[in-house]
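Here are a few friendly notes to read with the model open beside you. Take the points in order, and find each residue in the picture as you go.

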Amino acid sequence: MSDVIERLFEVLKQRRHADPAESYVAGLHQAGLNRILEKVGEESTETIIAAKDAGHSGDTTELIKETADLWFHTLVMLEHLGEHPENIFAELEHRFGTSGISEKNNRNK
């Protein structure tokens with residue numbers, strides 16, 4: 001599963017320095033972190049709405065599309081800040097075997 005994320009991340013890294021007139025990703029980077037964060041926020045909201053709609057209708061088509069958009073823009077954000085998705089996987093791996101309540105309590109210390 002992470003192979004898709006890795007391949008997408010490599011494409012995003014390459015497109016960062018492309019012509020913003022020809023690359024959406026390059027345009028986001030050129031616009032700066034605030035614009036990228038606006039997109040992450042927008043896609044988060046759209047994902048929440050799609051999830052609520054799916055909860056009522058049972059149709060998850062839009063939820064899948066909006067979640068893909070959210071993940072895409074989150075990867076752009078990570079790349080912009082010099083981070084790699086592998087660090088997210090490592091953090092999730094680190095949390096295995098720890099209850100969610102314990103993990104959250106440890107963050108607040």
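**Notes on the model**

1. Let us start with the surface. About 7700 Å² of the protein chain is exposed, and 55% of that area comes from carbon and sulfur atoms. Please keep in mind that this is a predicted model.

2. Next, the overall layout. The protein chain has six helices and zero strands, so reading from the N terminus you meet the order α-α-α-α-α-α, as helices are numbered from that end. Along the principal axes, the C-alpha atoms fill a box of roughly 45 × 35 × 25 Å. Of the 109 residues in the protein chain, 25% are buried.

3. Now for contacts along the chain. Among contacts with a separation of 6 or more, 58% join residues 24 or more positions apart.

4. A word on charge. The protein chain carries 12 positive and 20 negative charges, and the mean positions of the two sets are 5 Å apart.

5. Which residues make up the largest nonpolar core? There are twelve: I5, F9, L12, V25, L28, I36, V40, L70, L75, V76, M77 and L78. Helices α1 (2-15), α2, α3 and α4 each supply at least two residues of this core. With five residues, α4 gives the most.

6. Pick out I5 from that core. Leaving aside residues up to four places away in sequence, I5 touches W71, L75, P85 and F89. One of these partners, L75, is itself listed in the core.

7. Helix α3 is a good place to check some geometry. How far apart are the end C-alpha atoms of α3? They are 36 Å apart, and this agrees with expectation because 25 residues at 1.5 Å a residue should span 36 Å. If you multiply and get a slightly different number, note that the expected span uses one less than the number of residues. Just after α3, G58 takes a positive phi of about 85°.

8. Stay with α3 and look at its buried side. The buried residues here are I36, K39, V40, E43, T47, A50 and A54. An α-helix has 3.6 residues a turn, so residues three or four places apart point the same way. The buried residues of α3 pack against α2 (24-31) and α4 (61-80). Two of them, I36 and V40, also appear in the largest nonpolar core.

9. Then look at L33, which lies in helix α3 (residues 33-57). Is L33 buried, partly exposed or exposed? L33 is partly exposed because its relative accessible area is 29%, between the 20% and 50% cut-offs. L33 touches H80 and L81, not counting residues up to four places away in sequence. From L33 to R95 the distance is 28 Å, C-alpha to C-alpha, with their positions 62 residues apart in sequence.

10. Finally, compare two serines. S23 sits in the loop between α1 and α2, and S23 counts as buried because its relative accessibility is 8%, under the 20% cut-off. Its contacts include R15 and A18, with residues up to four places away in sequence left out. S2, by contrast, has its place in helix α1 and counts as partly exposed, at 39% relative accessibility. The C-alpha atoms of S2 and G82 are separated by 19 Å, and these residues are 80 apart along the chain.

Note on methods
Residues are numbered from 1 along each chain as its sequence is written. This is a predicted model: local features need pLDDT of at least 70, side-chain atom pairs count only at pLDDT 80 or more; totals for chains, interfaces and linings use all residues. Side-chain values use heavy atoms; hydrogens and water are left out. Helices (H or I, at least four residues) and strands (E, at least two) are DSSP runs, numbered from the N terminus. Buried means under 20% relative accessible area, exposed over 50%, partly exposed in between (1.4 Å probe, protein chains only). Contact means heavy atoms within 4.5 Å. A nonpolar core is a set of buried Ala, Val, Leu, Ile, Met, Phe, Trp, Tyr and Cys residues joined through side-chain atoms within 4.5 Å. Accessible areas come from the Shrake-Rupley method with a 1.4 Å probe; for residues, only the protein chains shown count as cover. Lys and Arg count as positive and Asp and Glu as negative; His and the chain ends are not counted. The place of a charge is taken as NZ of Lys, CZ of Arg, CG of Asp or CD of Glu.
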